[in-house]
Structures are given as C-alpha cells and as structure tokens.
Amino acid sequence: MPSMTVNTLEKKMSAKFSKRYTFLFAQTVKSFMGRMNMLQTEGDYGVAVSSGVDSMALLHFLQKMASQRKNVKLHVLHVNHNVRSESLIEQNFLKEYCIKHNLVFHTKTLQNPPLKNFELWARNQRYKFFHSHKGLKKIFMAHHLDDSFEWSLMQRSKSSNLLSSIGIPACRGKFCRPFLCVSKRQIYRFAHHEKIKFFEDISNSDIKFERNYLRSMVIPHLKKIYPQILKHYVSQAQQILALKKLENENNYYDIKVDNNCLLIKVDKNKIYDEPLKNSLREAIKSLSSKKRGKIHKQLDCAVQMVKNNKKGPLNFSGGVNVSYFNGIITVTRN
C-alpha cells in the first residue's frame, strides 16, 4: 500500500476536526433552541440577515435545520441602511443567494436618515420592517454572547436596574436569538469550517458609536486581564434569572385585568425591596405612555407605602398611578 504524504494526512486530519467542530457547534445551538422552544415542526420563519458573518452563519445553520423538517419555509429579511457604497452589492448578493437556495427574500431600503441618533432611528426602522411580516411564526436574529455582554456592560454603566444588566433576552415575543449560547469567536470558526461567504461592515469599527467603542477599546482589554469574563457573565445572568423566577413564584404575582390596570399581590410577611421594585417597574413600564425616564426614587416611595400600610396613590410619569390596599398593589393608567 502506498505511503500517505504529509500534506494528505494534514488535509484528512483538518477535515476530521472541522466536521467535529461543526457537529459540536450545531449540537450546542440545537439544544439551546430546544430548551427555548424556538422552532416548531412547520410554518414560515423569518431570519434577519445583514450579510455579516453572524447572520450568514445563522442563515446557513437554519437552512440545514429546515431541510430536516417538513413544511418549514425560511424568509430572509434584509434592511439596506443605504449609508455605504457596499450596501447595494450586499443586497444583490443576498437576493441571488435566496434565489439559489429557494428562500423568500424581503428587503427594505432606508431613506432620509436623521442627522442625530442614527443608530436608534435605524433600529426602530428595522423592527418596524420586521413587525410588518405578520405571517411569520418567529423571526430569528443573530445576536451572540459577545453582543449580550456588550449590552449588559452598557446597561450596568447607565442604569441601576439589576435586571437590565442580564443582557439580551433569548426570546421576546416572536423574536428569537439561537446564537446567544455561542461566542463571536465560535461563530467565526463555524463560518470558516463551513466556508460561508459573508461581508465585513467597516462601520462596525467606527468608535464614535458607543457600542463600537466598547467593542474595540474596552472589552478586549477586559478579556485580556480577565480571560474568563464572558463565562462568568453567562453564569451570573443565569443566577439572576433563576432568582427572579423564584421570587416571582413565591412572592409576587402580576395579574392582568385589562389594558389599563395591573394588580400585584403582596405577602406582608415576604416583602423584599428589590423584587418588589422590579415587579412595580415592569408594571409601570407596560402601562406608561413614556418609555424612558428615571423612577427609582418613586419606586422607593412605593415600597415604603406598602411597608407602612398606606393607601396612596402615588403618581408616576406617563399617566400611571400606584395605590395599595389589603395586600394588593393597583397600577392604573389615566
């Protein structure tokens, strides 16, 4: 039998490890999607795709999953921000990709961007576009662990709300994020092994944007000093969520009466300041006409009102009133 050359051996070993890595990557994501109930057996699903490595890897992964299920149709949702010369090239690439792979392609080109707060405006435009597709069971987005950590770091720096520091939710409404169980580095490696074509958005390196500054100037230094920081972040977030679930099950129950009233049942023997403030905050946010604003001092007053068995009411911004009587906190909107 002829001897195997070194180059041939290296190629076989490389292929073996490539297959093993993609298998483990796929199993990790599939398991996560199963726990989060992200994919039913049939129906139409959307995938938000920018043509970057994250969303192209997600699309590639979901195509393989969809091919193993009957009557699952993927729709690619692409927003052309229309601020770079490459934007049209990327849009056309995705259009041709969808034709080749029998995917439904939907696109929207943004026009007349504002001079200030472009990121917030663009985000609102994207979600408006996503929400316009009513027939989709779920819309998959390519946020990953690094994205969630960046968001958590931003919120910890700007807000005193403990829950906001958890990061990006795996599912909210019809929006699901299968890659929140893997890191950016793992996605790059998956894309390399699977030979996935993608485009790099040079605007992601522009540090005049808050998130890009953290991504480029702050987080790499943190990871260098604390190599396990991402792992610890995941563990901390899981612990906070577990505690919140336990507190909600044992102490506070939000009961929706109608669109203008929420009730929070309180056990006088189990009043814990932070869980109660978190329940109040979520109730007030859901009813308030103002989606931004600081209310932590008013929340302190509300907790003291309950502890002192006072009736109130307390007036919050956005037309929300909070009152208390006989173990029930009533949150109403004018």
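## Exercises on strand β2 and its surroundings

Strands β2 and β3 (residues 104-109) run parallel and are joined by 6 bridges; strands pair if DSSP finds at least two bridges between them. The model is predicted: local features need pLDDT of at least 70, side-chain atom pairs pLDDT 80 or more, while totals for chains, interfaces and linings use all residues. Residues are numbered from 1 along each chain as its sequence is written, and side-chain values use heavy atoms, without hydrogens and water.

**Exercise 1.** Trace the connections on both sides of β2 (residues 72-80).

*Solution.*
- Start with β1 (residues 43-48): 6 bridges join this strand to β2, in parallel.
- Tyr45 has Leu74 in β2 as its bridge partner.
- From β1 the chain passes through helix α2 (residues 53-67) to β2, a right-handed β-α-β crossover. Right-handed means clockwise from first strand over helix to second, with the strands pointing away from the viewer.
- On the β3 side, Val76 pairs with Phe105.
- β2, α3 and β3 also form a right-handed β-α-β unit.

**Exercise 2.** Decide whether Ser87 is buried or exposed.

*Solution.*
- Locate Ser87: helix α3 (residues 87-100).
- Ser87 has 5% relative accessibility and so counts as buried (under 20%; exposed is over 50%, partly exposed in between; 1.4 Å probe, protein chains only).
- Beyond neighbours within four places in sequence, Ser87 contacts Asn80 and Asn82 (heavy atoms within 4.5 Å).

**Exercise 3.** Classify the packing of α5 (residues 145-158) against α7 (residues 210-225).

*Solution.*
- The axes come within 11 Å and cross at roughly 100°.
- α5 and α7 are therefore roughly perpendicular (65 to 115 degrees).

Conventions
Axes fitted to C-alpha atoms, helices over the stretch in contact; angles between N-to-C directions. Helix = DSSP H or I, 4+ residues; strand = E, 2+ residues; numbered from the N terminus. Parallel < 35°, antiparallel > 145°, perpendicular 65-115°, else oblique.
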